[in-house]
Amino acid sequence: MLGFIIRPPHQLLSLLLCPGLRIPRPSVLCAQPRPRAMAIFSSSWELPLVAVCQVTSTPDKQQNFKTCAELVREAARLGACLAFLPEAFDFVARDPAETLRLSEPLGGNLLGEYTQLARECGLWLSLGGFHERGQDWEQTQKIYNCHVLLDNKGSVVATYRKTHLCDVEIPGQGPMRESNSTIPGPSLESPVSTPAGKVGLAICYDMRFPELSLALAQAGAEILTYPSAFGSVTGPAHWEVLLRARAIETQCYVVAAAQCGRHHEKRASYGHSMVVDPWGTVVARCSEGPGLCLARIDLRYLRQLRQQLPVFRHRRPDLYGSLGHPRS
């Protein structure tokens with residue numbers, strides 16, 4: 001078993017407290033069977049388990065932390081070694097002014113609570129998009145959208161600042177101007193070794209740029225992360241398609257923790273957090289509303305697939321090495 005759904009913790013608790021109810025078996029989600037030649041026969045219980053958390057953040061930072069902490073503790077109880085939280089896990093503000101007012105530096109109180117949570121639970125945390133007041137805050141009065149990776153001792157082992165900012169106008173979804181309050185990051189972060197594998201850090205809109213995912217894969221990534229807050233129009237059209245494409249082209253696992261539901265009167269998110277394996281199969285996904293899903297990461301399968309379908313050895317950068325440049 002590589003992936004399955006877990007109900008939100010309060011639903012699990014209600015099931016456990018009602019002796020007349022039976023807890024359903026976790027659902028395995030395999031949209032496409034793997035080819036027989038690629039089968040892996042090691043016990044799934046030997047494989048690292050990751051948890052993908054889905055939340056509905058609001059402008060209330062302490063309530064958001066309480067919700068995230070409940071999911072992280074549930075992930076630890078179920079045996080996960082790494083839990084992923086979505087973009088804007090800290091808060092979703094009503095406007096750029098509120099975003100700036102609620103933001104904090106990495107050394108602030110909120111991140112301190114998460115470092116303590118990681119130590120308490122003994123697992124790694126991917127904090128998918130922290131509104132960070134950087135060292136240039138006094139000069140710019142703008143922030144970074146920062147993906148923070150904590151180890152199980154609560155230490156910050158990596159930070160990636162979102163490089164592609166979402167400045168778009170989608171009919172029916174409303175305009176998004178992330179650059180009104182946010183500075184694009186200057187560089188990519190090298191993949192980080194974790195108990196689940198080498199993790200490459202990205203954030204939401206980054207998934208639309210395959211050059212980034214290919215660069216992370218070429219640098220050694222085995223798991224790509226896209227913590228997100230997708231909208232209600234782009235979500236149904238593009239969310240799963242893009243995630244599966246990034247997994248197939250890089251032959252990596254893709255982990256995408258998502259915001260869901262209505263944050264306040266001005267914004268709602270699509271949800272549908274998921275894990276995709278290197279074959280492009282969705283092996284775990286969250287149901288509607290806040291909750292979490294679990295998946296096991298099988299690196300033997302990943303390496304076998306890369307050996308059998310060696311696309312990176314077949315690439316021709318001499319023909320298309322400049323694809324990242326803007327169109328003329």
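User: Let's start with Ser-273 in this model. Where does Ser-273 lie?

Analyst: Happy to help, and keep in mind that this model is predicted. Ser-273 is not part of a strand here: its place is the loop between β14 and β15.

User: Is Ser-273 buried or exposed?

Analyst: The cut-off helps here: a residue counts as buried when its relative accessible area is under 20%. The relative accessible area of Ser-273 is 0%, so Ser-273 is buried.

User: Which backbone nitrogen does the side chain of Ser-273 reach?

Analyst: Setting aside neighbours within four places in sequence, Ser-273 is in contact with several residues, including Trp-239, Ala-257, Ala-258 and Cys-286. With one of these the side chain of Ser-273 pairs at 2.8 Å, and the partner atom is the backbone nitrogen of Ala-258.

User: What distance separates the C-alpha atoms of Ser-273 and Ser-287?

Analyst: Along the chain, Ser-273 and Ser-287 are 14 residues apart. In space, their C-alpha atoms are separated by 8.2 Å.

User: Which residue in the loop between β14 and β15 has a positive phi although it is not a glycine?

Analyst: We are still in the loop that holds Ser-273, between β14 (267-270) and β15 (274-276). The phi there is about 65°, and the residue is His-272.

User: What is the phi of Gln-141 near?

Analyst: Gln-141 sits in the loop between α5 (137-140) and β5 (144-150). Its relative accessibility is 40%, so Gln-141 counts as partly exposed. Gln-141 is not a glycine, yet its phi is positive, near 55°.

User: Which backbone oxygen does the side chain of Gln-259 reach?

Analyst: Gln-259 belongs to the loop between β12 and β13 (260-264). With a relative accessible area of 0%, Gln-259 is buried. Its side chain reaches, at 3.0 Å, the backbone oxygen of Ala-88.

User: Now for a helix. Why do the buried residues of α8 line one face of the helix?

Analyst: Helix α8 covers residues 299-308, and its buried residues are Leu-299, Tyr-301, Leu-302 and Leu-305. Looking down the axis of α8, you find these buried residues on one face, because they fall within an arc of 155°.

User: Which strands do the buried residues of α8 pack against?

Analyst: The helix has two sides to think about. Turned away from the buried side is a face with the exposed residues Arg-300 and Gln-307. The buried residues of α8 instead pack against β10 (197-201) and β12 (253-256).

User: Which residue caps the N-terminal end of α8?

Analyst: Look for a side-chain oxygen 3.2 Å from the backbone nitrogen of Arg-300. That oxygen belongs to the capping residue, Asp-298.

User: How many salt bridges does the count come to?

Analyst: To be counted, a side-chain nitrogen of Lys or Arg must be within 4 Å of a carboxyl oxygen of Asp or Glu. By that rule, the number of salt bridges is 15.

User: How many residues apart in sequence are the parts that Glu-104 and Lys-61 tie together?

Analyst: Glu-104 and Lys-61 form a salt bridge, with their closest N and O atoms 2.7 Å apart. Glu-104 lies in the loop between α3 (96-102) and α4 (109-121), while Lys-61 is in helix α2 (residues 61-77), so the pair ties together parts whose separation in sequence is 43 residues. Both partners, Glu-104 and Lys-61, are buried.

User: What is the relative accessibility of Lys-162, the salt-bridge partner of Glu-87?

Analyst: In this pair the closest N and O atoms are 3.2 Å apart. Glu-87 is in strand β3 (residues 82-87) and Lys-162 in the loop between β6 (156-161) and β7 (167-170), 75 residues apart. Glu-87 is buried at 7%, and Lys-162 counts as buried too, at 1%.

User: Is Glu-169, which meets Arg-177 in a salt bridge, buried or exposed?

Analyst: The side chains of Glu-169 and Arg-177 meet at 2.6 Å, N to O. Arg-177 counts as partly exposed at 33%. The relative accessible area of Glu-169 is 58%, so Glu-169 is exposed.

User: Last one: what share of the 328 residues in the chain is buried?

Analyst: The chain has 10 helices and 17 strands. Of its 328 residues, the buried share is 53%.

Notes: Residues are numbered from 1 along each chain as its sequence is written. This is a predicted model: local features need pLDDT of at least 70, side-chain atom pairs count only at pLDDT 80 or more; totals for chains, interfaces and linings use all residues. Side-chain values use heavy atoms; hydrogens and water are left out. Helices (H or I, at least four residues) and strands (E, at least two) are DSSP runs, numbered from the N terminus. Buried means under 20% relative accessible area, exposed over 50%, partly exposed in between (1.4 Å probe, protein chains only). The arc is that of the directions from the helix axis to the C-beta atoms. Contact means heavy atoms within 4.5 Å. A polar contact is a pair of N or O atoms within 3.5 Å; within protein, one must be able to donate a hydrogen and the other to accept it, and residues adjacent in sequence count only if both atoms are side-chain atoms.
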